[in-house]
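Visitor: Please take a close look at one part of this model, the largest cavity, and then carry the description on to the loop and helix packing. What is the volume of the largest cavity, and which residues line it?

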Amino acid sequence: MAPTKKALLLGAGFVTKPTIQILADSGVEVIVACRTLENAKKLSSDIKNTRAISLDVNDSNALDEQVGQVDVVISLIPYTFHATVIKSAIRKKKNVVTTSYVSPAMMELDQQCKDAGITVMNEIGLDPGIDHLYAVKTIEEVHQEGGKILSFLSYCGGLPAPESSGNPLGYKFSWSPRGVLLALRNAASFYQGGQVVNVAGPDLMATAKPYYIYPGFAFVAYPNRDSTPYKTRYNIPEAQTIIRGTLRYAGFPEFVKVLVDIGFLSDEEQSYLKEAISWKEATQKVIGASSSDEKDLVSTITAKATFKDDSEKARILAGLKWIGLFSDEKIIPRANPLDTLCATLEKKMQFGEGERDLVMLQHKFEIELKDGTRQTRTSTLCEYGSTEPGGYSAMAKLVGVPCAVAVQQVLDGTLSEKGVLAPMNSKINGPLIKELKEAS
């Protein structure tokens, strides 16, 4: 009998559970490693074929020792640590799988990975991941038919299901809001009609526009970071428009834009946010109002922010009040406006029992066929989370399952290309798509 394959899984995020479950069920021994042993135990205690350990990836000797004992390392910790993990894998000649974008620091290790004979597979969650699989599939099919891709739009949103979306942002957090809020300040670049368009971070929310997918959803969409490399990554030099973006429910961008305008997404340290003062005092100081009286707070906000009309203004002010920004309630002090706001949103905007999330992903291709006729093709994924106790959210499933399938294909040799990889061609993607269809 072949010896049991072993995987070292780094990370304790909410998407790790489906990955652990699938691998353990297929007979792989999974060593779950977190900085705190408690977190690792929580994730793995009810799954057979698993072992929990405490590991700090910054301790390279400890990391090397664990990496040396397994066949593959799954790195689901923040992307800034991936290069450290890959360096250990190079030293120990072990394969790696991550769901993160390939960063420049990771790409620099490509040749060393090839020299060590290891596969480092990345970008295999939902976005990035499933989005690549189906984008590249359609693009390759169109090119094989002698056609051209004139425009490529890809929008993805992880949202509460409509019936669970009842708060002023129409949004809930399955994990720390910090990443979500920080992403709202990112600058964006994309191709539109052959030109590169750049949007500065503070203007991002103002670019959001209604986006139609199904009649039952009021989505708005805005661009996500830099879409320009996809001309090369997806091999579509002919494309005039290339936009990858984010979906939210209508009303979200306007609300966030006000938070930006009044200074709540700043992560600059402020001494007054280091003690548990009341929210109305904190708001007074963040926005520079003359007093902490609600009417003074409101008039300062009204002066600093712009509103489309009175009903929009009333809706957003009611939302700020719902968060508690004008109240006597004490803040959870986190030293800067962004993190102090996060601490409160985290409490108020969690998924409750019996609530579920929704993932919507759509690619829209404008295509010119060989004979010059034009057509639009779309591929759409709409997935709801489970409402069962212990069931998976749509997001956890759609990140965790592709990751597990990639790990299995690295272990069985289906995915054997060496170096730092992403799912950008049918040789890698074909088997992944086939397996994912069976897994779902």
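Guide: A cavity, in the sense used here, is a set of grid points where a 1.4 Å probe fits but cannot get out. The model is predicted, and it holds one such cavity of 30 Å³ or more. The volume of this largest cavity is about 40 Å³.

Its lining consists of Asp127, Asp131, Ser154, Cys156, Asn224, Arg244, Gly245 and Leu361. Two elements each give two or more residues to that lining, namely strand E7 (148–160) and strand E12 (241–249). By class, the lining comprises two nonpolar, three polar and three charged residues. The nonpolar ones are Cys156 and Leu361, while Asp127, Asp131 and Arg244 carry the charged class.

One of these lining residues, Asp127, leads to a feature of the backbone. Asp127 is joined to Pro128 by a cis peptide bond, with omega about 15°. Pro128 belongs to the loop that runs between strand E6 (119–121) and helix H7 (130–144). Glu123 is found in that loop as well; although not a glycine, Glu123 has a positive phi of about 55°.

The description now turns to the helix packing. Two packed helices are described by the angle between their axes and the distance between the axes. Helix H11 (residues 279–287) and H12 cross at roughly 35°, their axes coming within 10 Å, and the crossing is left-handed. On the H11 side the contact is made by Lys280, Thr283, Gln284 and Ile287, and on the H12 side by Leu297, Thr300, Ile301 and Lys304. These residues divide into three nonpolar, three polar and two charged.

H12 (residues 294–304) also packs against helix H13 (residues 310–323), at an angle of about 130° and with the axes 12 Å apart. Angles between 115 and 145 degrees count as oblique, and H12 and H13 are therefore oblique to each other. The crossing of H12 with H13 is right-handed. Here Glu294, Val298, Ile301 and Thr302 of H12 meet Lys313, Leu317, Leu320 and Lys321 of H13. By class, this contact has four nonpolar, one polar and three charged residues. Thr302 is the polar member, and Glu294, Lys313 and Lys321 are the charged ones.

Ile301 links the two packings: this residue of H12 takes part in the contact with H11 and also in the contact with H13.

Notes:
Residues numbered from 1 in each chain as written. Predicted model: local features only at pLDDT ≥ 70, side-chain atom pairs only at ≥ 80, totals over all residues. Heavy atoms only, no water. Axes fitted to C-alpha atoms, helices over the stretch in contact; angles between N-to-C directions. Helix = DSSP H or I, 4+ residues; strand = E, 2+ residues; numbered from the N terminus. Parallel < 35°, antiparallel > 145°, perpendicular 65-115°, else oblique. Left-handed = near helix turned anticlockwise from the far one by under 90°. Contact = heavy atoms within 4.5 Å. 1 Å grid on protein atoms, 1.4 Å probe; cavity = no way out; pocket = protein on both sides within 12 Å on 5 of 7 lines; lining within 4 Å. Points joined across faces, edges and corners; volume = space filled by probe spheres on them.
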